[in-house]
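Thanks for coming. I will walk through a few local features of one structure, starting with charges and rings.

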Amino acid sequence: MKKLPIGIQTFKEIIKENYIYVDKTKFALDIIQNYKYVFLSRPRRFGKSLFLDTLHNIFEGNKELFKDLYIYDKYDFDSYPVIKISWGGSNYKSYEQLYDKAKRVLLQNQERLGVECKDDMSHSGCLEYLIQKTYKKYNKQVVILIDEYDKPILDSIDDITQANNHRDFLREF
């Protein structure tokens, strides 16, 4: 009997460890083939992070993970560079916490993609540079996945000034 993947948001772990997985790759393929920009809005605990991780694996060309799933023989699994930005896993009561998380996210992506921002760049400048240099390095479109975009605002929603500061930072970013 397969195990339930309670709390697991990593597609690869669910597949490799033989957890129950409800195949949503038909929806993923539809998004990939028919849209340039997509905003997914669902209630909390509805599988958005897992779906983004599934997309990440599709775009990185990890075909072997998709055996026996809808998309397996319908997509070429050409690999694309992926910039993944997740605001989850942190608490954002202060601007400094948000600033530090943005720095960590950018560094993780730079390391994974082998592209470095200049030390004196702003977060938004680094993200723009990262996209441009990644495109030049891989000569392919760059996929950008953003998870939990609203968490920094929701974490400080009881302090409207702070929530507005977080919103302004995210808008600039």
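Let me begin with lysine 74: its charged end sits over the ring of tyrosine 70, 4.3 Å from the ring centre. Keep in mind that this is a predicted model. A second case of this kind involves lysine 63, whose charged end sits over the ring of tyrosine 72 at 4.8 Å from the centre.

Now to rings paired with rings. How many aromatic pairs does the structure hold? There are eleven. One of them joins phenylalanine 66 and phenylalanine 77, with ring centres 5.4 Å apart and planes at 40°, so this pair is tilted. Both phenylalanine 66 and phenylalanine 77 lie in the loop between H3 and S1, so the pair ties together parts that are eleven residues apart in sequence. Are these two rings' residues buried or exposed? Phenylalanine 66 is buried, at a relative accessible area of 0%. Phenylalanine 77 is buried too, at 7%.

Another aromatic pair is formed by tyrosine 95 and tyrosine 99, and that pair is tilted as well, with 6.4 Å from centre to centre and 35° between the planes. Both tyrosines lie in helix H4, which covers residues 95-113, and they are four residues apart, about one turn of the helix. Tyrosine 95 has 34% relative accessibility and counts as partly exposed. For tyrosine 99 the value is 39%, so this residue also counts as partly exposed. The two tyrosines belong to a cluster linked by ring pairs, which consists of Trp87, Tyr92, Tyr95, Tyr99, Phe169 and Phe173.

Back to phenylalanine 66 from another side. Asparagine 57 touches Phe66, and also Phe11, Lys12, Asn62 and Leu65, leaving aside residues up to four places away in sequence. Asparagine 57 is in helix H3, residues 48-59. At 8% relative accessibility, asparagine 57 counts as buried, because the limit for that is under 20%. With asparagine 62 there is a polar contact, side chain to side chain, at 2.8 Å.

Last, the strands. Strand S1, residues 82-86, pairs with S2 in the parallel sense, over five bridges. Within this pairing, isoleucine 83 stands opposite isoleucine 144 of S2. Which way do the side chains of S2 point? Along residues 143-147 they alternate: Val143, Leu145 and Asp147 point to one face and are buried. Ile144 and Ile146 point to the other face and are not buried. In a regular strand, side chains alternate between the two faces of the sheet.

That is the end of my part.

How values were computed: Residues numbered from 1 in each chain as written. Predicted model: local features only at pLDDT ≥ 70, side-chain atom pairs only at ≥ 80, totals over all residues. Heavy atoms only, no water. Helix = DSSP H or I, 4+ residues; strand = E, 2+ residues; numbered from the N terminus. Buried < 20%, exposed > 50% of the residue type's maximum accessible area, 1.4 Å probe, protein only. Polar contact = N/O pair within 3.5 Å; in protein donor to acceptor, adjacent residues only side chain to side chain. Contact = heavy atoms within 4.5 Å. Pairing = 2+ DSSP bridges. Phe/Tyr/Trp six-rings, centres within 6.5 Å; stacked < 30°, edge-to-face > 60°. Lys NZ or Arg CZ within 6 Å of the ring centre and 35° of its normal.
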